[in-house]
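Colleague: Got a minute to walk me through this one? I'd like to get the metal site straight before anything else.
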Amino acid sequence: MIFKWFNERLEIDKFRAKFLSKTFPTHPTFLLGEMAFFSFVTLVVTGIFLGLLYEPSTKMVALFGAMVPASYASVVKIDLLPMGMIIRRIHHWSAMLMIAAVLAHLTRIYFTSAYRRPREINWFVGLGLWGITMLAAFTGYLLPYSQFSVTATSIAYFISKSVPWVGDWTSRLLFAGEFPSDATVPRFFFMHVMLVPVALLGLISLHMLILVKQKHTEPPSNRWLKESEGGRKLIGIPVWPEQTVVSMSFYLFLLFVVVLIATYIPLNPVETYGPPSPGTPVMRPDWYFLPIYGFLKLIPGDLSFSVPGGKITPETIGGVIFPGFLALVLALIPFLDRAKQDQHYMANPLRRPFMTSFGMAGIVFICMDAVSGYIDVLHIAPAKMAVYVVFATLAAWGVSFGLLRSYNRKRGSDVKT
Ligand code: HEM
C-alpha cells in the first residue's frame, strides 16, 4: 500500500529494474573499497554522537578543581559517560580502519592495473578521496586539545608556514591565524564535521557513479568462464539481493571486530596526556603520518636554501615537497602505464615485472621512512639511516624485478594482462 503510493509518484519500479539488477563481479579484494566506505559510515554515526557533546572552544573552564580548555574538558566528560568512551574509541579505531582500507584498496588498484583506460578519472577521484581522508584524521586530532594534540598540530603549523610564497596565506586559512590561538579549534571543528564529510560524501558518490558507468574490472578467471559460456557480458552477482546481503554481512562483521578492539584497546587517552602545558612532550604521530615524520628526521637541520621570495627549509622539504612528489608520481601512473585498449580484467601482478617491482620499491621506501621516525630509539644516525632507506628501496626493486622476470621467462607469454 505505502510502496504503491510512493511508486505511483516516483516510479521506484523503473529504478529497481535498472539499478538493483545490475551485475557486480566478485573477488575478495573488492571488499577493500567497501571496507573504506563502511568505516566512513561508522565514523559519521559515532561522530554525530560526539558532536552533540563536544565543545569547540578553548576558553578556560573548571574541571575537577583545575582550569582547562573547554574542548579538553568536554572530551574528558564524554569519556565519563556510560558508553561515551567506547563510542569515542569506535570513532578513532574506525578512522584507523578507513585509512588502512583506503591504502589497501589503492594498492590493489595499482597492482591489478585497474587505473588503466578507461578508469583513469576514477583513479584521480580516488587520490582526492585519499587526501581528504588524511585531512579528516588531521583535523580530528586537534579537537580534544590535549598536550598531544597541540604538539602534533604545531608540527603541521610550522610545515604549512614554511612554504615559500603561499605559506602565510595557507596557514592562516587552515589554522585561522597563528597557532595556538582561540580561533583554531572552531576552524578545525567546522572542517572536521562539515567540510570534510561533505567533500567525502560528494567524491564517494562521484566515485560510485563512474564505477557503475564504466563497469568494474573482472577477475581473470571470468575470461575463461565467458568463453566457455558463449560470450556473456558480465559475470557476477546482482546488486539486489545477493550483493546487498554480502555487503551487509561484511559490514556487521567489520562492526563486530571494531567494537571488540575498541572494548579492549584504548586509543588517544586524553586523561593521560593532560591539557596543553608549556613543556613539549616527546611524541610521534600515528602510523599514517609516520613516513612524513620519519623523512623529516632524515633531513639535516641546516639544509635550507633561498628562492626568490622565500626560503626552502627542512620542514618544506619533508612536509610539503616529499608528500607532494609522492602524490605527483601516483597521479602520473596512468600516463606512465598506458594501455591501447580498455582494461576489462584485473591484471596479474606476477606478469608485470616493471610495474609490480616499482610498486614494491615504493612500499619499501614508505615503510623505511616510517621506521626512520624511530631513529632516536634505534640509536641510528640520520645519514646512516638514509643510506639504509635507499639501499632497501633499490634492493626491493632489483630483487622483485629479477624474480618476476625469470618467472615470466619460464612461463612464456601465454597470459594477457
Ligand atoms: C574513501 C575512499 C574510497 C572509497 C570509499 C572507495 C570505494 C570503492 C569501491 C566500493 C569500489 C568498488 C569495489 C572495489 O573495487 O574495491 C571502488 C573501485 C575503485 N576505486 Fe575506490 N574508493 C576509495 C578510494 C580510492 C583510492 C584512494 C583510489 C586510487 C587512487 C581508488 C580507485 C578506484 C578505482 C580505479 C576503482 C575501480 C576498480 C575496478 O574497476 O577494478 N579508490 N572504490
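Modeller: Sure, we'll take the metal site, then a helix, then the domains. Keep in mind that this is a predicted model.

Colleague: Okay, which protein donors does the iron atom of the ligand have?
Modeller: H105 and H207, each through NE2, lying 2.1 Å from the iron. H105 is in helix α5 and H207 in helix α9, so the pair ties together parts that are 102 residues apart in sequence.

Colleague: And what's the arrangement around the iron atom?
Modeller: Octahedral, because the 6 donor atoms subtend angles of 86 to 180 degrees. For reference, ideal octahedral angles are 90 or 180 degrees.

Colleague: Is H207 buried or exposed?
Modeller: H207 is buried, at 14% relative accessible area. H105 comes out at 22%, so it counts as partly exposed; the cut-off for buried is under 20%.

Colleague: Switching topic: where does α14 bend?
Modeller: At I321, by about 30 degrees, and a proline, P323, follows within four residues. The buried residues of α14 include G318, G319 and F322.

Colleague: What covers those buried residues?
Modeller: Among the elements covering them are α5, α6, α13 and α15.

Colleague: Last thing, how is the chain divided?
Modeller: Into domain 1 (23–271 + 310–347) and domain 2 (348–417). The contact takes 15 residues from domain 1 and 14 from domain 2. Between them the domains bury about 1100 Å², with 66% of it on carbon and sulfur atoms.

Colleague: Which residues in domain 1 lose the most area to domain 2?
Modeller: Y110, F111 and A347, together 46% of what that side buries.

Methods: Residues are numbered from 1 along each chain as its sequence is written. This is a predicted model: local features need pLDDT of at least 70, side-chain atom pairs count only at pLDDT 80 or more; totals for chains, interfaces and linings use all residues. Side-chain values use heavy atoms; hydrogens and water are left out. The bend at a residue is the angle between axes fitted to the seven residues ending there and the seven starting there. Helices (H or I, at least four residues) and strands (E, at least two) are DSSP runs, numbered from the N terminus. Buried means under 20% relative accessible area, exposed over 50%, partly exposed in between (1.4 Å probe, protein chains only). Contact means heavy atoms within 4.5 Å. Donors are N, O and S atoms within 2.8 Å of the metal (3.2 Å for Na, K and Ca); water is not among the atoms, so sites may look incomplete. Four donors count as tetrahedral if all angles lie between 85 and 135 degrees; four count as square planar and six as octahedral if opposite donors are over 155 degrees apart and all others between 65 and 115; anything else is irregular. Domain bounds come from an automatic or database domain assignment. Buried area is the accessible area (1.4 Å probe) that two parts lose on being put together, summed over both.
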